[in-house]
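Biologist: Before we get into details, could you put the sequence and the model up? I'd like to go through it question by question.

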Amino acid sequence: MIQVVCVKQVPDTETRVRVAADGRNLDPAGVTWVLNPYDEYAVEQALRVREQTRDGEIVAVSVGGAGVPTALREVLALGADRAVHLRTDVA
């Protein structure tokens, strides 16, 4: 059984975010990005399911730019078997 967990980076709650000049996006300057805590819970649940069934593979998938590999490495450190980065330059 393959379990796919979608993960995303989000601004750290301790980071002060500002709206960019276009009024539609975040200004990325000074923003610290972290793995979405709810996605981390999903990975932990997938690990529990794998432990209970004693079978399966956990694949983490994320869409995004150059910062995504950091989040995927964190998910691999949690215990996921593989990570897939669907690269895009659009946030």
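Modeller: One cut-off to start with: buried means under 20% relative accessible area, exposed means over 50%, and partly exposed is in between. Keep in mind that this is a predicted model.

Biologist: Fine. Is N36 buried or exposed?

Modeller: N36 is found in the loop between β5 and α1. Its relative accessibility is 16%, and the cut-off for buried is under 20%. So N36 counts as buried.

Biologist: Which backbone nitrogen lies 3.0 Å from a polar atom of the N36 side chain?

Modeller: Leaving out residues up to four places away in sequence, N36 touches K8 and V10. The polar contact, though, goes to a backbone nitrogen at 3.0 Å, and that nitrogen belongs to Y38.

Biologist: Let's step back. What pattern does the protein chain follow along the sequence?

Modeller: The chain has 2 helices and 7 strands. Read from the start of the sequence, the order is β-β-β-β-β-α-β-α-β.

Biologist: And what share of the residues counts as buried?

Modeller: The C-alpha atoms fill a box of roughly 50 × 25 × 20 Å along the principal axes. The accessible surface comes to about 6200 Å², with 52% of that belonging to carbon and sulfur atoms. Of the 91 residues, the buried share is 25%.

Biologist: Which element gives the most to the largest nonpolar core?

Modeller: That core has 12 residues, among them V5, L35, I58 and A71. Three elements, α1, β6 and α2, each supply at least two of its residues. With 4 residues, the top contributor is α2.

Biologist: Sticking with A71, which residues is it in contact with beyond its sequence neighbours?

Modeller: A71 is one of the residues of the largest nonpolar core, and so is L35. Leaving aside neighbours within four places in sequence, A71 is in contact with L35 and Q9.

Biologist: Then what about Q9: which residue's backbone oxygen does its side chain reach?

Modeller: Q9 lies in strand β2, residues 9-11, and is buried at 16% relative accessible area. Not counting residues up to four places away, Q9 touches W33, V34, G67, V68, T70 and A71. Its side chain reaches a backbone oxygen at 3.2 Å, and that oxygen is from G67.

Biologist: W33 came up there. How much nonpolar surface does the patch with W33 make?

Modeller: W33 sits in strand β5, residues 33-35. It is partly exposed at 37%, and patch residues need over 30% relative accessible area, so W33 clears that bar. Together with V17 and L26 it makes a nonpolar surface patch of about 250 Å².

Biologist: On to charges. How many salt bridges does a search of the whole structure find?

Modeller: One joins D27 and R18, with the closest N and O atoms 3.0 Å apart. D27 is partly exposed at 23%, and R18 is partly exposed at 47%. The search of the whole structure gives a total of 3.

Biologist: How many residues apart in sequence are the parts that D81 and R50 tie together?

Modeller: The side chains of D81 and R50 meet in a salt bridge at 2.6 Å, N to O. D81 lies in the loop between α2 and β7 and R50 in helix α1, so the number of residues separating these parts in sequence is 31.

Biologist: And which residue does R82 meet in a salt bridge?

Modeller: R82 is partly exposed at 42%, and its partner is partly exposed too, at 23%. The side chains meet at 2.7 Å, N to O. R82 lies in strand β7 and the partner in strand β6, so the pair ties together parts 25 residues apart in sequence. The partner is E57.

Biologist: Last one: where does phi take a positive value in a residue other than glycine?

Modeller: Look in the loop between α1 (37-53) and β6 (57-64). The residue there has a relative accessibility of 75%, which is over the 50% cut-off, so it counts as exposed. Its phi is near 55 degrees, and the residue is R54.

Note on methods. Residues are numbered from 1 along each chain as its sequence is written. This is a predicted model: local features need pLDDT of at least 70, side-chain atom pairs count only at pLDDT 80 or more; totals for chains, interfaces and linings use all residues. Side-chain values use heavy atoms; hydrogens and water are left out. Patches are made of residues with over 30% relative accessible area and no salt bridge: like charges are joined within 9 Å, nonpolar side chains (Val, Leu, Ile, Met, Phe, Trp, Tyr) within 5 Å. Accessible areas come from the Shrake-Rupley method with a 1.4 Å probe; for residues, only the protein chains shown count as cover. A salt bridge is a side-chain nitrogen of Lys or Arg within 4 Å of a carboxyl oxygen of Asp or Glu. Buried means under 20% relative accessible area, exposed over 50%, partly exposed in between (1.4 Å probe, protein chains only). A polar contact is a pair of N or O atoms within 3.5 Å; within protein, one must be able to donate a hydrogen and the other to accept it, and residues adjacent in sequence count only if both atoms are side-chain atoms. Contact means heavy atoms within 4.5 Å. A nonpolar core is a set of buried Ala, Val, Leu, Ile, Met, Phe, Trp, Tyr and Cys residues joined through side-chain atoms within 4.5 Å.
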